[in-house]
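These are my notebook entries on one protein chain. I wished to record which residues lie at the surface, which lie inside, and what lines the pockets.

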Amino acid sequence: MGKDVIIACDFSSKDEVIDFLGKFKNEKLFLKIGMELFYAEGPEIVRDIKRMGHKIFLDLKLHDIPNTVKKAMAVLSNLDVDMCNVHAAGAGGMMQAALEGLTRPDGTRPLLIAVTQLTSTSEEVMRQELWIDKPIDETVMHYAKNARNAGLDGVVCSPLEAGKVHEVCGEKFLTITPGVRFADGDVGDQKRVTTPEKAKELGSDYIVVGRPITQAEDPVAAYRRCVEEFVE
Ligand code: C5P
């Protein structure tokens, strides 16, 4: 599996995203579309961007009963996305149902990735509100193992966790890692950040980069810098 840079298209309208993509001329990109853009514009935004030849990671983090997730995943698979995700907290049955729903009649399917614990959930919140008494890093690795055992392709995690995830779940199990910043760039609201170069060294398979590219004065140059540091 080749390494790639996924651009987080955290825009709230089609106009903004089309304007942004216009800067890249004919380059084919891997783009993350999240809830904001998907709920604002509906599935048509996915079709539009696919028609432009880009790959899509549809970041909707499904979490419901297995039957509902299976049927929803069948719809997303028909949209021809390349990667989508679920919460590992939905457990093995839900993750397996998601895979079944995603698998097309010809046997192909988008990659399916699990979210372990959201980075916004602290160990204290886990203990006091969710009644999970284990340390957060152990919980993350346990959820990653559950995802691998259900047949999923990988997890979203910090680049700092990528090595450990590979150790626990195997080298082929994918690590999709946000929290990436250039050494000379703004950290913003991200807490534990690494550069694209460091993420590569740590074993990330895909980096997800938003504002360092979307808010850059020259987004195309910023994207190329990510590719140079992470892929080439
Ligand atoms: O702008 P920035 O590079 O921080 O964007 C990172 C992207 O990755 C955002 O879309 C954010 O929601 C997502 N993400 C994250 N941390 C996680 C999971 C997803 O930053 N743990």
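**Entry 1: helix α8**

I began with Leu160, which is partly exposed at a relative accessible area of 43%. I note that the model is a predicted one. Leu160 is found in helix α8. I listed its contacts beyond four places in sequence and found Arg192, Thr194 and Leu202. I also looked up a distance: the C-alpha atoms of Leu160 and Glu27 are 30 Å apart in space, with their positions 133 residues apart in sequence.

I then turned to Pro159, which also has its place in helix α8. Is Pro159 buried or exposed? Its relative accessible area is 1%, and because the cut-off for buried is under 20%, I recorded Pro159 as buried. Setting aside neighbours within four places in sequence, I found Pro159 in contact with Thr177, Pro178, Thr194, Ala199, Leu202 and Ser204. Thr194 and Leu202 thus appear in the list for Pro159 and in the list for Leu160. For Pro159 and Ala74, 85 residues apart along the chain, I read a C-alpha separation of 30 Å.

**Entry 2: helix α7**

I next examined α7, which has 14 residues. From its first C-alpha to its last it reaches 20 Å, close to the 20 Å expected at 1.5 Å a residue. Which residues of α7 are buried? I found Thr139, Val140, Met141, Tyr143, Ala144 and Ala147. The elements that cover them include α5 (91-102), β5 (111-115), α6 (123-128), β6 (154-156) and α8.

I looked at Thr139 of this helix in its own right. Thr139 has a relative accessible area of 5% and is buried. Not counting residues up to four places away in sequence, Thr139 touches Gln117, Met126, Ile132 and Lys134.

After α7 comes Gly151, for which I read a positive phi near 100°.

**Entry 3: positive phi at residues other than glycine**

I noted Lys25, which is not a glycine but has a positive phi of about 55°. Lys25 sits in the loop between α1 and β2 and is exposed, with a relative accessible area of 70%.

I noted Asp80 as well, where phi is positive at about 70° although the residue is not a glycine. Asp80 lies in the loop between α4 (66-78) and β4 (83-87). Asp80 is partly exposed, its relative accessible area being 40%.

**Entry 4: nonpolar cores and helix α11**

In soluble globular proteins, nonpolar side chains tend to be buried together. I therefore looked up the cores, and the largest nonpolar core holds 61 residues. Met73, Val86 and Ile213 touch the most other members of this core. Helix α11 (residues 219-230) gives the most to it, with six residues. Apart from this core lies another, of 11 residues, including Met83, Ile113, Ile176 and Val208.

What does Ile213 touch beyond its neighbours within four places in sequence? I found Val5, Ile7, Phe20, Phe24, Pro219, Ala222, Tyr223 and Cys226.

Of these, Pro219, Ala222, Tyr223 and Cys226 are among the buried residues of α11. Val220, Val227, Glu229 and Phe230 are also buried in that helix. The cover over the buried residues of α11 includes β1 (4-8), α1 (14-22), α9 (196-202), β8 and α10. I read α11 as 12 residues reaching 16 Å from first C-alpha to last, close to the 16 Å expected at 1.5 Å a residue.

**Entry 5: pockets**

I recorded a volume of about 1300 Å³ for the largest pocket. Of the 44 residues that line it, Thr119, Val156, Pro178, Gly179 and Gln190 are the closest to its centre. The elements that give two or more residues to this lining are β2 (30-34), α2 (35-41), β3 (55-62), α7 (136-149), α8 (159-169), β8 (206-209) and α10 (211-214). I sorted the lining into 18 nonpolar, 14 polar and 12 charged residues.

For the second largest pocket I recorded a volume of about 210 Å³. Which residues line the second largest pocket? I listed Arg181, Phe182, Asp184, Gly185, Asp186, Val187, Gly188, Arg211, Pro212, Gln215 and Arg225. This lining divides into three nonpolar, three polar and five charged residues.

Conventions
Residues numbered from 1 in each chain as written. Predicted model: local features only at pLDDT ≥ 70, side-chain atom pairs only at ≥ 80, totals over all residues. Heavy atoms only, no water. 1 Å grid on protein atoms, 1.4 Å probe; cavity = no way out; pocket = protein on both sides within 12 Å on 5 of 7 lines; lining within 4 Å. Points joined across faces, edges and corners; volume = space filled by probe spheres on them. Helix = DSSP H or I, 4+ residues; strand = E, 2+ residues; numbered from the N terminus. Nonpolar A, V, L, I, M, F, W, Y, C, P; charged D, E, K, R; others polar. Core = buried A, V, L, I, M, F, W, Y, C linked by side-chain atoms within 4.5 Å. Buried < 20%, exposed > 50% of the residue type's maximum accessible area, 1.4 Å probe, protein only. Contact = heavy atoms within 4.5 Å. Expected span 1.5 Å × (residues − 1).
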